[in-house]
Amino acid sequence: MINLLPDTKNIITNWMRYKGVVGVISSFVLGGYILAAAGSAGWWLFLTRQDEAVKAEIESLTSQIIDLKGTETAVRVVDERVGVVNSFLTGQADPTVLMTQVLGQTFEGIKISGWTWKSDKKVAVATVETTDVQAIETFRQKIKGSKVINLIRTAEGLWKAEIQL
Amino acid sequence: MESGNTIVKKWLWLAYPGVVVLLIGFSWQWLVAGPDQIWQKIAVKQQKVTSQQMEASNLRQKLAVLRSQDVNNLQSQLGFLELVVPTDNKVAALLALSRQAAGESVTINGYKGATGGGLTLSLRLADLTVLKDMLLRLQQTVPLLVVKSVKLSGETAEVGLEVAWKPAKAVEAEADRPLPVLTGVVEQLQQKLASYTTSVVGVATTSGETTKADPFSE
């Protein structure tokens with residue numbers, strides 16, 4: 001006759017071999033888990049305390065800063081004005097730059113009789129007069145980027161050129 | 001044959017690992033996974049605390065800077081800055097400064113009001129060199145002047161000029177905004193502009209407004 005019932009005694013005996021190992025592993029896992037949980041809870045509490053402390057400090061500092069509102073406004077007003085002054089000092093077109101460029105060179109037989117400059121265009125137009133038309137070309141060559149925009153010969157025999165600089 | 005009680009006693013050692021597994025299983029959501037896990041909360045809180053500590057540090061610095069400021073000194077600095085770029089159009093200063101800049105080598109034939117509150121000066125002068133020197137002097141004045149246009153024709157010239165001015169902007173204190181650094185900035189400007197010609201007529205304005213005694217008052 002075949003016995004289909006499990007052999008309980010044998011099963012228990014087989015499992016009993018792992019009792020020690022399972023107990024040790026369980027203790028390690030439990031110990032580690034408890035340490036991690038306790039550590040996390042402790043860290044959480046520590047952070048909560050720190051959070052409250054720093055919040056209180058911020059409130060106190062903010063209220064002290066608000067007490068010095070007048071001084072803060074003064075600093076900001078001065079700073080704003082410094083910006084305004086600097087923008088005027090650095091942002092304006094200088095009408096003398098091109099004049100210095102032209103006056104720094106010698107042009108034989110040329111008379112500068114006119115000068116037009118506008119701050120928004122930042123270019124100047126010089127009117128030059130000469131009896132020698134070649135002098136105008138020499139002038140143009142000496143001033144880099146310049147171009148003759150108008151050239152006429154007067155009744156008196158003078159060459160009059162408008163040169164854009 | 002063993003009784004059921006004996007069998008249970010023999011299997012009892014498995015209760016310990018079972019309880020450990022159950023404990024971990026039930027608290028898993030709270031500690032490791034799930035929306036309420038404490039480690040994630042800790043990370044978020046840590047970030048929050050760090051950023052608040054930085055904020056507190058900034059506020060401490062700001063407070064120290066504010067305590068070190070002398071309001072009288074700031075007022076005098078603002079006075080200087082508003083002398084350089086007034087808050088209103090000081091046409092009288094423009095007249096005075098242009099006369100000073102003209103000197104003896106340039107004759108001012110007349111003044112003409114220009115759009116935008118400026119003036120156009122009609123001048124008589126020898127040549128471009130004289131005009132250039134005058135323009136250089138005009139650009140070295142306090143209040144600052146802005147040359148808008150220059151037109152030389154023979155011995156006459158027209159120069160369009162404006163006083164650099166800008167109305168005061170309403171500025172408010174903001175506790176949580178960092179303070180601008182002003183250390184030495186105004187002193188540098190004072191040094192830079194030390195050689196500039198100052199107009200003795202600095203108070204007349206086109207609108208006839210008077211200057212506020214306390215520029216920081218609301």
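# A tour of the two chains, starting in a hairpin of chain B

Begin by selecting B:Gly110 and B:Ser122, for in strand β2 of chain B the bridge partner of B:Gly110 is B:Ser122. The model you are looking at is a predicted one.

**The outer hairpin of chain B**

Extend the selection to the two strands that hold this pair, and you will have β1(B), residues 107-113, and β2(B), residues 119-124, which pair in the antiparallel sense over six bridges. These two strands form a hairpin with five residues between them, and in the turn you can pick out B:Gly116, which has a positive phi of about 90°. While β1(B) is still selected, consider how well it is covered: the count of buried residues among the seven residues of this strand is zero, and β1(B) is hardly covered.

**Across the sheet, from one chain to the other**

Now widen the view to the sheet as a whole, which is open and has eight strands, in the order β3(A)-β4(A)-β2(A)-β1(A)-β4(B)-β5(B)-β2(B)-β1(B), with antiparallel pairing. At its edges are β1 of chain B and β3 of chain A, residues 147-153, each of which pairs on one side only. If you look along the sheet, the twist from one strand to the next averages 20°.

Select next β4(B) with β5(B), residues 156-163; these strands pair in the antiparallel sense over eight bridges. Two places are useful for checking the register by eye: B:Val150 stands opposite B:Val159 in β5(B), and the bridge partner of B:Val147 in β5(B) is B:Leu161. The hairpin formed by β4(B) and β5(B) has two residues between the strands, and here B:Gly154 takes a positive phi near 65°.

On the other side of β4(B), which strand should be selected? It is β1(A), as the strand order shows; this strand, residues 111-118 of chain A, pairs with β4(B) in the antiparallel sense over five bridges. To follow the pairing across the chain boundary, select A:Lys118, whose bridge partner in β4(B) is B:Ser149, and then A:Gly114, whose bridge partner in β4(B) is B:Ser153.

With these strands still displayed, add helix α6 of chain B, which packs on the sheet and touches β1 of chain A together with β4 and β5 of chain B, its direction making about 170° with that of β4(B).

Before leaving this part of chain B, select B:Pro143, which has its place in the loop between β3 (141-142) and β4 of chain B. The peptide bond that joins B:Val142 and B:Pro143 is cis, with omega about 0°.

**A tryptophan in chain A**

Move to the chain A part of the sheet and select A:Trp159, which lies in strand β4 of chain A, residues 159-164. Is this residue buried, exposed or partly exposed? With 19 other C-beta atoms within 10 Å, A:Trp159 is partly exposed, because a residue counts as buried only if 20 or more lie within that distance. Leaving aside neighbours within four places in sequence, A:Trp159 is in contact with A:Thr130, A:Thr131, A:Val133, A:Ile136, A:Leu151 and A:Arg153. A second tryptophan, A:Trp117, is 42 residues from A:Trp159 along the chain, and the C-alpha atoms of the two are separated by 22 Å.

**The helices between the chains**

Select helix α2 of chain A, residues 19-67, together with α3(B); the two pack at an angle of about 25°, with their axes 9 Å apart. That angle makes α2(A) roughly parallel to α3(B), and the crossing in which α2(A) passes α3(B) is left-handed. The residues of this contact divide into 15 nonpolar, seven polar and nine charged.

**The interface and chain B as a whole**

Finally, show both chains: 65 residues of chain B are in contact with 59 residues of chain A. Several elements of chain B each supply at least two residues of the side that touches chain A, among them α2 (15-31), α6 (128-138) and β4 (145-153). Helix α3(B) gives the most to that side, with 17 residues. By residue type, the side of chain B that touches chain A divides into 41 nonpolar, 10 polar and 14 charged residues.

For chain B alone, the secondary structure comes to seven helices and six strands, and buried residues make up 25% of its 218 residues.

How values were computed: Residues are numbered from 1 along each chain as its sequence is written. Chains are lettered from A and ligands numbered from 1 in the order in which they are written. This is a predicted model: local features need pLDDT of at least 70, side-chain atom pairs count only at pLDDT 80 or more; totals for chains, interfaces and linings use all residues. Two residues are in contact if their C-beta atoms, placed from the backbone, lie within 7 Å. Helices (H or I, at least four residues) and strands (E, at least two) are DSSP runs, numbered from the N terminus. Ala, Val, Leu, Ile, Met, Phe, Trp, Tyr, Cys and Pro count as nonpolar, Asp, Glu, Lys and Arg as charged, and the others, Gly among them, as polar. Two strands pair if DSSP finds at least two bridges between them. A residue is buried if 20 or more other C-beta atoms lie within 10 Å of its own, exposed if 12 or fewer, and partly exposed in between; C-beta atoms are placed from the backbone. Axes are lines fitted to C-alpha atoms, for helices over the stretch in contact, and angles run from 0 to 180 degrees between N-to-C directions. Angles under 35 degrees count as roughly parallel, over 145 as roughly antiparallel, 65 to 115 as roughly perpendicular and the rest as oblique. A crossing is left-handed if the near helix is turned anticlockwise from the far one by less than a right angle, and right-handed if clockwise.
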